[in-house]
Amino acid sequence: MPVIEASHLTKIYKTAKKKPGLSGAIKGLFSREVTEVRAVDDVSFSIEEGELVGFLGPNGAGKTTTLKMLSGILYPTSGTAQVLGFTPWERKNEYRRQFSLVMGQKNQLWWDLPAQESLHLNKEIYGVPDADYRKLLDELTELLQVKRLLGVMVRELSLGERMKMELIASLLHDPRVLLLDEPTIGLDVVAQKNIREFIRDYNRRRKTTILLTSHYMNDIQALCDRVIIINRGKKSFDGHLNDVVEQFSATKLVTAVFSDGGAPREELEKLGQVVEFTKTRAVLKVKREEVAKASNSLMNKYAVDDINIEEVPIEEVIEKAFASAEK
Amino acid sequence: MDTPATVSPRPGWWKYWVILSTRTQEDMAYRVNYVVGAIFRFLPLVTTLYLWMAVYKSRGETGGGTEIAGWTLGNMVSYYAFVYIARGFSSMPGMTRDICVDIKDGALNRYLVKPMSYFWYQVVYRLAHKLVFWLVALFTFPPIFWFIREAFTHRPSVLEVAAFVASLFIAFSIGICFNFLIGLLAFWFTEISTFLFVIMVMEFFLSGHLIPLNLLPAAAQPFLNYLPFAFEAYWPCTILMGKVPAGELGGLLGLGLAWAVSLFLACLVVWRLGVKRYSAVGG
């Protein structure tokens, strides 16, 4: 039985459209034109226990709205969801005790107190027994290397340190489902890497089911085997990260290094799209099914020192995947 | 699926006790603010008292007697002093605005996803604030009361003191529930800061904070005296002044309690409706 099961989730926001200027504002008092925004549009997926799934999409794609429905903050306009066998928006305490939502841009720690006070407060809110709390706190602060910061006022912590404390606060009740919304947003490269590694290890060790949104490709690449891509509220892909490339990229990159003289540009353009061109080096974007033919003819016709065939960088593919969902 | 997460054997209210103590610690970080606030909050009292002294003086000089609506100058002075005590329980500075901000910027989410109640969270939050306030007031109030000691001509009976204490509890409950309710309006309206100001002034006036309610037009009194606001300052003060006959104390406190309970129930209902709307339109 899947831990998270969403079927045909749809969320429509209604917003009143205001016409420009003062006269528009006055007209708006009497009659309002309501526009509907389909933030999430018929999205279905299911996630098994222990999976770490990346939720990918540009800003405004509907990622956060989906997470809010799964955490019970929002009701869907239509469709259903079950998490751990609960309907999230009924907000039963038994459910709320078993999951956590971390939003990278919102903090839950108390600003004017040392982090340990907020952590202790969470322990009490979730009713974690003393012994479990001490053990977990020890373990988590050790792993994230923030033990010495427990007594520091939250407002004096760096953004990265605060995020680590946020994570600890959300894990103290040993949730079975962890929903992470942009956990690395705004962090420097080192802090991003730390958080990322921690999430991966945590998922492996505890088999906690994690659904993570990010718009940093690095996060997703490092963490998730499976990704769900949504754009404009619609799901456009659900599967293994490598398959994204297969599905959305019809081309590969062929790099040839020439030993002398190189090749005439016009000739190369017959083989594929020329991305980079110098006397000694050329990069071509070649259709998948023509890669073999193209590299053969390169090697036969010119003095080639080296030839290299690669996938198009994943960022570029994702961009394409986003674009294709818009159609 | 494996066994559900273990839950500590502590009772349900325990978490609110911990919030209370944590919140008190956080407030203590601002104790200097409280001390400064506690001293300067008496400045308006000085001007109010001078005003009343002038009123009584000119009335005496023009042959109007030494009483206004049956109150001597001493009564008036002790009323305003007691108002500071009562409002120390019923006023909830910043509460409505805080709730509005929580609703508007989505900070409410962090309470919705946790196994806790936002209402009780707010109650202990304010309770903590009051605790620190009174900790400071224990040092700042006595000298000021000593300074105006001659005004306190009435020696309250045990019954009156008991009724006064009960009325402070009612004042606190009504203050919390009323401000909570107003804060919840943010679920329905986007811009309510002007409205909040109007409400604040209205509470200031209808509670008897500005002037005692018995000085208002006689026609309005039967109505205003029995609104919940009167229990936020006017009734606690007049009880301690001995202006409420012993036989009426029970009924009066009963009415106050009924208001507190009604407002509490209204909080629960409006909260439910509000969250329903919040969850529908987006947080």
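**Notebook: rings and a sheet in a predicted model**

I looked up A:F198 and found that this residue counts as buried, at 6% relative accessibility (buried means under 20% relative accessible area, exposed over 50%, partly exposed in between, with a 1.4 Å probe and protein chains only). The model is predicted, so I note that local features need pLDDT of at least 70 and side-chain atom pairs pLDDT 80 or more, while totals for chains, interfaces and linings use all residues. Residues are numbered from 1 along each chain as its sequence is written, chains are lettered from A and ligands numbered from 1 in the order written, and side-chain values use heavy atoms, without hydrogens and water.

I then searched the whole structure for aromatic pairs and obtained 36 over all chains (rings of Phe, Tyr and Trp, the last by its six-membered ring, with centres within 6.5 Å; planes under 30 degrees apart are stacked, over 60 edge-to-face, the rest tilted). One of them joins A:F198 and A:Y202, a tilted pair with 5.8 Å centre to centre and 35 degrees between the planes. The two residues are separated by about one helical turn, because they are four residues apart in helix 7 (residues 189-206) of chain A (a helix is a DSSP run of H or I, at least four residues, a strand one of E, at least two, numbered from the N terminus). A:Y202 is buried as well, at 2%.

Last, I traced the open sheet of chain A, whose six strands run in the order 5-6-7-3-8-9 with mixed pairing (two strands pair if DSSP finds at least two bridges between them). Its edge strands are strand 5 (99-103) and strand 9 (234-240), each pairing on one side only.
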